[in-house]
Amino acid sequence: MTALGTTLLVATVFVTLTVTFATGTAYRRRPHIVIITTDDMGWYDVGFHGSNQFGTPNIDALAYDGIILNRHYSAPLCTPSRAALMTGKHPMNVGMQHYVIDSDEPWGLGLDQRIMPEYFREAGYRTHMVGKWHLGFFTEQHIPTNRGFDTHRGYLGPYIDYWNYVNKMNSGTFEGYDMRHNRDVDFQANGTYATDYFTTAAQDIIASHGPDGAPMLLVMHHLAPHAANDDDPLQAPQETIDRFSYIRDKARRTYAAMMSKVDDSVGAVYRSLKENGMLDNSIIVFMSDNGGATRGLHSNTGSNYPLRGQKNSPWEGAVRTAAFIWSPLLKDTQRVSNQWFHISDWLPTLASAAGVRVRRPSVTDIDGIDQWEALAYGTGNPRQRLMNNLDEIFAYTSYMEDGLKYVNGSTLGGANDLWYGETDELDKLPTDEEYLASVMSTPIARAANLDAKVISYLRQHAQINCGNEVSGKVCNPLVKPCLFDIINDPCEMHDISDECPTRLREIQQHVEYYRIRAAKPRNKPHDSAADPSNFGGIWNWWRTDESRQMNDESHEMPPPPHPLSKDTQLFVIIPIVVVGVIFVIGTLLYLSNKNIIQLCCRKKNTTSTITSEIPTDMSGSGFKTTTDSIKTTDAAISSNIYVISDRDMDRARRRLSRSTGCSISRTPLA
């Protein structure tokens, strides 16, 4: 071998060893990330928000040892929230803002959208999903293992039975089995309680990594405590239900058992991370996808007390969700954070913690804000504006800016606009001392050396106090837009729109800015071809024709066919045009010569004299929003909605002065 050949060989070996070492080091440095979501869990259904009705000791212990995110917001429904979490974009920017995907509907999150597991897998992560997908499966290209997840063990649609995994759609008579192991139907699950099955799957994934494996991204979307099929909505093992016999309401008692099984699952995941030597380099995020469904469709008795509203509404009870983050990598922990946090922020935040690049010039930028530094070190509040949702089909807006919340319109004619979920006074609940003892007894609390005084302090500051009396200025957003000082009035009791007309108009202008830049909703009607009976009783992807798929993705509705032939159309149109011209000439002759001259010489209006499409006073001057005319309330310049992008707003808008006739007290309500 020549000297040059020897040199090249040595250099190659050196580079190879360097890359291998660097890659291995990166694997050890990059944290394991576990995201655990509950489905339709209420704000008041965890102990760290003050409820003693039923225990969630493992969840609470992790929350107390981490950071309780007391202003964590999501979309008001499942599909939009999951789209935001996966893409780092607001649902309105990706056409996912309206309602949810039924299993027999041919639409889903656009294939042009790059989602969380794709970013992390590109950076060397092994990516796993357990549980609920609910972002579309009408073609095989839309399922999780074709969207960046290495593995998926779970279901594709909105909900299933907790024991037999059958999904019965409300929209028709369709029903079928819905459980997958990657792309294959998973019959092994049948008969095992869903929460337990998902927990075992997560434990197996964690064990497959171990301390020396590749970094892990595990997204664990629980079914619980979402209602199952309408004929048997609330389900849990009887022995677990019996532990809550002191709860008089039978449905609420079963719900407590469902939440208890979730709490057991969180404890098991924590234990698995520790047993496999991964805990010290892990980040655990826990959240609900939206608020609880106390009443109505798929009601599960979830309690958002004392917040107003519930799932599928513009109120805090729908969008302000229980959440926390736990990790040894966080430097400022055991605290309650009041920084504004949107579910779309998780992608850039977790990517920042892992050293994963998600912003690049070649792709559309994301909307979420990187809040890792603010979380890790408690350095501030990066987010000041937050769009909960603007749905032009349901005709409502829910938006927050600088501590003010704007609500215009509502869902279901205002059926979910009140306050729900207060605990039954006749229930003999555990005492505060018993609650503390249950939390302190967990392995999580013992490992963290949690102190009872610290727990009590954090719990007190994580609770919401809405005052003793409902204000006389309760607002009906179906009649006129409402404005709330959401910091001091978190339960949306006191409408200040009449006191702050200038701020109201400014916020409406910003809402319009978002509206006109939005993507069109992707929703499609039910498709009978999805019937599981066509696939042996299994919910399965049913469209494979690429041209048909492209038509579905285009969102362009074809023009209706004309009932007349082109030749016949000419014979009809020409006389109409002639008659129209004669009518116009006759009208002009009827006018006096002076009027004709005035009409011809009239100056065009300048833009400064054109009436603004954004109403100048929404709370007076006779402008009123009704259910039929609600869309005009936010001054719809187009049929689209908006973009929620803090970067654009930072460049486009000036800082608004507080001295605009709107006096807001910053003293918390008594």
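## Exercises: aromatic rings and nonpolar cores

A search of the whole structure finds 23 aromatic pairs (rings of Phe, Tyr and Trp, its six-membered ring, with centres within 6.5 Å; planes under 30 degrees apart are stacked, over 60 edge-to-face, the rest tilted). The model is predicted: local features need pLDDT of at least 70, side-chain atom pairs count only at pLDDT 80 or more, and totals for chains, interfaces and linings use all residues. Residues are numbered from 1 along each chain as its sequence is written, and side-chain values use heavy atoms, without hydrogens and water.

**Exercise 1.** Classify the aromatic pair of Phe120 and Tyr125.

*Solution.*
- Take the centres: they lie 5.1 Å apart.
- Take the planes: the angle is 85°.
- The pair is edge-to-face.
- Check burial: both Phe120 and Tyr125 are buried (under 20% relative accessible area, 1.4 Å probe, protein chains only).

**Exercise 2.** Place Phe120 in the largest nonpolar core (buried Ala, Val, Leu, Ile, Met, Phe, Trp, Tyr and Cys residues joined through side-chain atoms within 4.5 Å).

*Solution.*
- The core holds 124 residues, and Phe120 and Trp346 touch the most other members.
- Helix H7 (residues 250-275) gives the largest share, 10 residues (helices are DSSP runs of H or I, at least four residues, numbered from the N terminus).
- Beyond four places in sequence, Phe120 touches residues including Ile33, Leu217, Leu350 and Val356 (contact: heavy atoms within 4.5 Å).

**Exercise 3.** Find the charges over Trp340 and Trp315.

*Solution.*
- Arg71 lies over the face of Trp340, 4.9 Å from the ring centre.
- Arg308 has its charged end over Trp315, 3.8 Å from the centre.
- The test: NZ of Lys or CZ of Arg within 6 Å of the ring centre and within 35 degrees of the ring normal.

Technical notes. Buried means under 20% relative accessible area, exposed over 50%, partly exposed in between (1.4 Å probe, protein chains only). Helices (H or I, at least four residues) and strands (E, at least two) are DSSP runs, numbered from the N terminus.
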